[in-house]
Amino acid sequence: MESFAATHVGLTKQRNDDAAMAHSIHGGPGKGGSWMLLAVADGMGGHRGGDVASRLALEVLRELRPTPGHEEAALEAQVYEAGEAIRDKARADANLSGMGTTLTAALVRGRNAWWAHVGDSRLYLLRGGVLEQITRDHTFVQDMLDSGGMTEKEAELHPMRNLLDQCVGVAPFRADVGHMTLRGGDVLLVCSDGVHKDVPLERVAGILSREAPLQVRGNALVQAALDVGGVDNIGVAILDVPHAD
């Protein structure tokens with residue numbers, strides 16, 4: 001499977017709190033098969049150590065060693081391991097107190113994808129030119145939307161629209177997890193809010209639907225976020241699902 005991952009500090013911030021990866025996991029002898037792991041983490045920029053938290057989360061996630069039939073449980077457990085690692089580091093260094101991160105990850109093997117999610121980075125599925133949001137944001141504004149207490153237009157303008165109610169490293173948190181069956185030609189996108197908050201989703205779908213190498217499309221998506229101002233850090237991880245197994 002062709003994959004791509006990149007981050008960019010953007011045009012207005014001095015520090016890049018986003019981390020992204022597309023990582024192959026080989027089962028090894030007796031483990032059965034191999035997997036592709038996509039992940040994006042967006043450190044809490046308003047707290048000290050946001051960049052430390054996001055990178056540490058992906059370092060821990062990279063240690064994931066799934067076995068066939070137990071992918072979802074393994075991925076979820078590794079997210080909680082990342083939370084423990086972040087808390088341990090914060091306890092050991094007062095300068096990092098209160099740090100945390102979003103974490104959205106997808107683990108793919110064949111036509112199966114398992115995902116885990118905390119925060120407001122997102123997982124999208126592009127199928128037939130249509131971009132579908134798979135994850136739900138863990139934010140105050142999303143809670144209000146779900147309860148009917150706020151309209152979409154009000155949510156876009158609300159001053160607390162970026163306030164997380166869950167993040168990895170700040171207890172307690174609970175990861176959302178799920179599974180989906182993929183089709184040949186699908187594209188998986190994991191991205192931080194520096195993409196989905198600023199780039200119109202129609203534009204994202206158009207870029208990912210192009211007949212071009214994935215690296216070209218990935219770089220174009222990063223550039224699209226810069227073109228609309230680059231007001232936040234940018235993080236993306238993308239996977240093309242081949243038509244043939």
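How many aromatic pairs does the structure hold? I looked this up in a predicted model and found one aromatic pair.

**Entry: the aromatic pair**

I identified the two partners as Y80 and F173, whose ring centres lie 5.2 Å apart. Their planes meet at 25 degrees, and I therefore recorded the pair as stacked, the cut-off for that class being under 30 degrees.

I then asked where the two residues sit in the chain. Y80 belongs to helix α2, residues 71–92. F173 lies in the loop between α4 (152–157) and β8 (176–181). The partners are 93 residues apart, and I noted that the pair links distant parts of the chain.

Next I checked whether each partner is buried or exposed. Y80 has a relative accessible area of 28% and is partly exposed. F173, at 11% relative accessibility, counts as buried.

**Entry: cysteines**

I searched for disulfides and obtained a count of zero. Why does C167 form no such bond? The closest cysteine sulfur to that of C167 is in C191, and because the two are 18 Å apart, the distance is too far for a bond. The cut-off for a disulfide is a sulfur separation within 2.5 Å. Starting from C191, I found C167 to hold the closest cysteine sulfur, again at 18 Å.

I also looked up the accessibility of both cysteines. C167 is buried at 5% relative accessibility. C191 is likewise buried, with a relative accessible area of 1%.

Notes:
Residues numbered from 1 in each chain as written. Predicted model: local features only at pLDDT ≥ 70, side-chain atom pairs only at ≥ 80, totals over all residues. Heavy atoms only, no water. Buried < 20%, exposed > 50% of the residue type's maximum accessible area, 1.4 Å probe, protein only. Phe/Tyr/Trp six-rings, centres within 6.5 Å; stacked < 30°, edge-to-face > 60°. Helix = DSSP H or I, 4+ residues; strand = E, 2+ residues; numbered from the N terminus.
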